[in-house]
Structures are given as C-alpha cells and as structure tokens.
Amino acid sequence: MIMRIKEFNYYMCDFETTVYDDQAFTEVWAAALVPFYTEDVKIFHSIGEFLSYVFKFLEGNVCLYFHNLKFDGFFILSYIMDRLHWEPAITKDSDPDTLNIEWIPEYRMRSRTYQYMITERGQFYKIVLKQGKRFIEIRDSLKLLPFSVKEIGKSFETKHKKLDMEYKGFRYAGCPISEKEAQYIQNDVLVVKEALEIAFAEGHNKLTIGGCCFAEFKKLLGINRFTEYFPDLTAVKLDPEQYGTDDADKYIRKSYKGGWCYLVPEKADTIFRNGITADVNSLYPYVMSGSSGSLYPIGEPTFWTGEIPEEALEENHYFFVRIRTRFYLKKDKLPTIQIKNNYLYRSTEWLETSDIVYQGVYHRSYTDLDGEEKPAVVTLTLTCTDFYLFLEHYDLEDFEVLDGCWFRTAFGIFDDYINKYKKIKMESKGARRTLAKLFLNNLYGKMATSRDSSWKYCILKEDGSIAFLPVAEYNKKTVYIPVGSAITSYARNYTIRAAQANYRGKDKPGFIYADTDSIHCDIPKEELQGCALDDKEFGCWDLEREWYQGLFVRQKTYIEITGEDDYNIKCAGMPDPCKDILKISLTGRADPGALEKLTDAEKEFALKKRELSDFKRGLAVPGKLLPKRIPGGIVLIDTVYEMR
C-alpha cells in the first residue's frame, strides 16, 4: 500500500489557564492562534471556543504547535475525553485493564477519535485528532526549539519579544481579556512562530530537533553509504549463554554511558578562591569530526571469546570488550568507571573501587539475597577508548577478558555534516547561528536510539482528572549503537584527560570539578595544563570564567562568583525563579520591581542575608512550581526546591 504524506497548514498556539489559591479545577481563560507567515493572531476566551474555531474554520489537515505540550496537552486531552467524549483510536483487542494497548494506524482512524505520543517519562510529543476525513496534529515546538520563549526571542532575534504578565488572579473561561493580557499572549505565539518559520525555511520540520539532524545527516552521507555503514545490529544474533545477551545491539549498548560529571569528594563544600572554568568548544561535534582523529566503527561486528585477538587491536579497527575484574584507583588518578543497573553501586557515582561500601567500610565480598557470600568482582562492557583509560587509572585484580567484538572503521563519517554547520556557526549571527548550534549538538544522541518505545495511556478518573497507565513496548527502530557509544566515550576521554593533567591531589590546588565539557580548577590560567586555549576553534578550551570564589556541593550544583552581582548559580533541578531569589539573598541586592513580584514566602527568603557557605544540602528555596493534574488539566503549585 502506498502511504500518502500528509500536507499541513501550520499554526502556532498557546493557552493561558486559571491560577489561584486552593484551586480544585482549572480551565483555559485565554487562547491564541496565528497562521504561519502572518501576524493575524486570533484570541479566544476558552478551550471550547478555540477548538470550535479549529474544527469549523480551519481547512485541510492542520498542524497546531504549542510550546511545551506537556502543559497545554493536558487541557486538550481532558476536554476531548471529558467534554467531547471522543474515543481513543486503539485496536479492538486492546485491553487497558491488562495494559495490552495498541494504537491503530493513523490512516485507519475514524472520525472523532484521537491518539497521542506520550513517553513513559511523561513527555508529550504529539496528539492526533481525526475530524471527518482530515487530521489535526498537535505538536510540541519545544521538542524542535528547546528554549524558553524568552530565550527564543533573544537567540533568534525575532521581531517580537516575550512580555511579562501576572499569572495569578481571578480569571475564568469567558472572562474579559485586558489589552495588556491580549498583547502578552499575542507575543508568546508570534515569537515562537517566527522562529519556527526560520527553521522551516531551512527544511527543518520534523517532530524533534534530533529527527531534523538525523534526516540532514542521512541526506549528506547518502542513503547507500548510510545503509552500508549502519546495518541493523538487532539482527545479529548471539548465544546468550556465552555473551550474556541475545543480539549485538544489546551487547554493545551496555558500554553506552553519558558525560563525565565528577566532583573530587574531598573538595566538596569548601570555598575556593581565585579559580578558573574552562569549556571545550563544541565537544561532541569536535570528537565526531575528522580533525579530532577519531575513527568510528561501521558495518557488522566480528565477535570473539577469551583474550583480545590481534585483529581487534589493529589500528583501523574499533573494539568493544567484556571483562570481569576487581579494580582499585591508582594514586592521584581520577575515577573513570560507573556501574549501572546494579543495586550494590550508586549508578551516578564514579567509583574508586569495585569493593562494596557498607556502613562506611569497604568489603571485598557481599552476601546476596539468597544468603550466599559472593566476591566483589564486577563484569564491565567497555569501548576500547574506555578500556585503555581504565587500564591507566586502575590497578586490577582477578582480571579476565570474557569476550568482545571488533569493527572495521571509517574516518570523517560526520565531516560533511559537521563542517557545514561549523561554517554557519562561525560566520553567522542570530537565528542561523542558533540553528547551527542546535544541529551541531543534537545529532549524536540519535545514533544511540534504543528499542524502548514504552509509553503512557491516559484514562479519565471519576473526578475528571487524567491519570496515566504505563504501557511497555519495545518496537522502536534502533540506529547504530556502536557509533553512539564511541562518540560519548571519546568525549569522556577528552574531558577526563584534561582534568587529570590539572589534578595534583585531593588536598592540593588544581582540578576540582568537571561537567561533561568543562573543568573547574583553583589555579591561575597560566598554570592550566593540557588545554589549548581558543574561544572559537572546535576542540580548544574557552576560558569561560575567572572567579574569585567558588563552592561545589555535588554534581551539577555549585556557585562561582566573578563580581559583586555576578553569581553563576548551577543547581540541578532548581528552577530559574529559585536561583533569582537565592541570588538576592546572597548578594543583599535586588531590583525593587523584582521584589514586588514575589510572594510573601519568597520575599521573606530573599530579604534574609545569607553567606556563600549557606549553599549546602538542606537549603530550601521557595519559587518552584510543581505540576499537579486536577480536573480540567494541570495546575502549577507553589512549593520549595530543597537541595538534597
């Protein structure tokens, strides 16, 4: 059967929803819609009025973008389920009670039915409505342009800019909309619409930025080379008794890890003085490019058992290896190993030893759940890049190579792609430069796409709110995990070696902290080792900050002070409003206009003077909004962010 590609008329949309104290029900009190390539913004007083206009007056297949569909999508689903009583487009044998649920193909959807793409983590990608013979597809522009509306206006240099408005207050569906409120919501849709138009003009209209990057890469590499280089490794079957898993994709995926984020434990919660922060310019694009000298695996693997064969060690080959060993960090070396999916180890910790910590004491063995004593010997699957670094940094005992696989390699696979967007980034400003940065930084993750397509099914509760049911599913098409794993491995290696070059010991000045593409040290820039400094060239280090005070609490949680009002606050999970309130408390200075916008609790926190040393675990900062599903949609509840 020949499938027709749907053609859409595109619109940018936004909802404003009720916010007041002790809220038990929520609804849309203002909605906006603007066609692409116009500034003809239409404003509606309720979601019913908005959808009625979409259903009656918009022609053909329609694509509606919302910026952060995870919020607005709840209101749409709630309305079509609870008020319009549309049916989900699931197969006849689907059974929500047993979580055996399957969507029917879109082309078979009946009128007044819907389906959606919501991941197991609650991320909304799209909602599809079938009205008569046409489709209304609702997408998340945040997946294509991963910035706030304010950031989009600035980085894309759009004609319109985001405005400010008081969200809280007595409003309701059908209430009057003031001129200021109308201008606010108009600007919100116009800013994002303009940026999307720029992206569309470059041909980038996939569902996500990663999808756009991947499509562009395939086009530049050529479909024939792509097919030759990146075969389906789920089809390469293995003996699970020998290799611990049943196909090559699963085997190699065990070597896939993220960036190196590490704080020297002895340097945590200490105020440092006169330090520097250096960032690698475009780390992932650099290691993907031929200029880094990186070779990448291609084709199908050759597996072995036992010791590493000579073939795997050849210069033009790349290998993955599975080992069993105890390991102990060498003196003055930084850790390079994490162990995932093992209850004996913290998955985020970079380990100094394979020995197991219990009540502050290291043990060379442990008692398993069956009461049997087992040695603390671990099995690791590593890229050859990680393997060589592992041998440099650790002393090994009871070491054994179990098996592995090697690939032939290709040089410069990504060069046409990287060089295209590098040139645009280096030579452009505004929107084109922003798009180039997106395309440089969002391809590598697609190479590691997994089979896990688990999702969430929505049900309507008796009180009218929406609940989720998890649906396990593993039918997503993978891309090529050997390249995805090699890219992240090369990047970790690059950062770790730079950190190691500046590490002088736990109690000496030098390396303190790293986060993927940055290192933070309490030494002058003249003493920085192993880091070529240049603020533009890929792979060189940009001296981003020289700070006179710094405090590092944990991974992704620190403050660096470069001036009286220049506090660089990084804290994983802490929203920007909390950071703004904390900064007022630390500096003792605030714009009077900023204070007026705070709640009483936020103002009380902000006006209490705090010292840098107060930035530690247990600190609770007001200003965090917690989403809560209630009848009508979703509401953001005022709460605090607590450092743990």
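Two strands are taken to pair if DSSP finds at least two bridges between them. In this predicted model, that criterion yields an open sheet of eight strands in the order S3-S2-S1-S4-S8-S7-S6-S5, with mixed pairing. The points below cover the sheet, the helices packed on it, the cysteines and the surroundings of Glu300.

**Sheet pairing and edges**
- Strand S1 (residues 9-17) and strand S4 (residues 62-66) run parallel and are joined by five bridges; within this pair, Met12 has Tyr65 of S4 as its bridge partner.
- S4 is also joined to S8 by five bridges, again in a parallel arrangement, and Val62 has Ile136 of S8 as its bridge partner.
- S7 and S8 pair in the antiparallel sense over six bridges, with Gln131 opposite Arg134 in S8.
- The hairpin of S7 and S8 has two residues between the strands, and Gly132 there takes a positive phi near 65°.
- Strand S3 (42-44) and strand S5 (87-88) stand at the edges; each has a single partner strand, so one side of each is left without a neighbour in the sheet.

**Burial of S8**
- Seven of the seven residues of S8 are buried, so this strand is largely enclosed by the rest of the structure.
- In a regular strand, side chains alternate between the two faces of the sheet.
- On one side of S8, Arg134, Ile136, Ile138 and Asp140 are buried, and on the other side Phe135, Glu137 and Arg139 are buried, so that both faces are covered.

**Helices on the sheet**
- Helix H1 (residues 47-57) packs on the sheet and touches S1, strand S2 (28-35), S3, S4, strand S7 (124-131) and strand S8 (134-140).
- The direction of H1 makes about 25° with that of S2.
- Helix H4 (residues 179-201) lies across S1, S2, S3 and S4 and runs at about 145° to S1.

**Cysteines**
- The whole structure contains zero disulfides.
- The sulfur of Cys213 is 6.8 Å from the closest cysteine sulfur, that of Cys212, which is too far for a bond because a disulfide requires sulfur atoms within 2.5 Å.
- Cys384 is in no disulfide either, and its nearest cysteine sulfur, in Cys405, is 10 Å away.
- Cys213 is buried, with a relative accessible area of 0%, and Cys384 counts as buried at 7% relative accessibility.

**Glu300**
- Glu300 is found in strand S11 (residues 295-305) and is exposed, with a relative accessible area of 53%.
- Not counting residues up to four places away in sequence, Glu300 touches Pro231, Leu233, Val236 and Phe407.
- Glu300 and Pro482 are 182 residues apart in sequence, yet their C-alpha atoms are 9.9 Å apart in space.

Notes. Residues numbered from 1 in each chain as written. Predicted model: local features only at pLDDT ≥ 70, side-chain atom pairs only at ≥ 80, totals over all residues. Heavy atoms only, no water. Helix = DSSP H or I, 4+ residues; strand = E, 2+ residues; numbered from the N terminus. Buried < 20%, exposed > 50% of the residue type's maximum accessible area, 1.4 Å probe, protein only. Contact = heavy atoms within 4.5 Å. Axes fitted to C-alpha atoms, helices over the stretch in contact; angles between N-to-C directions.
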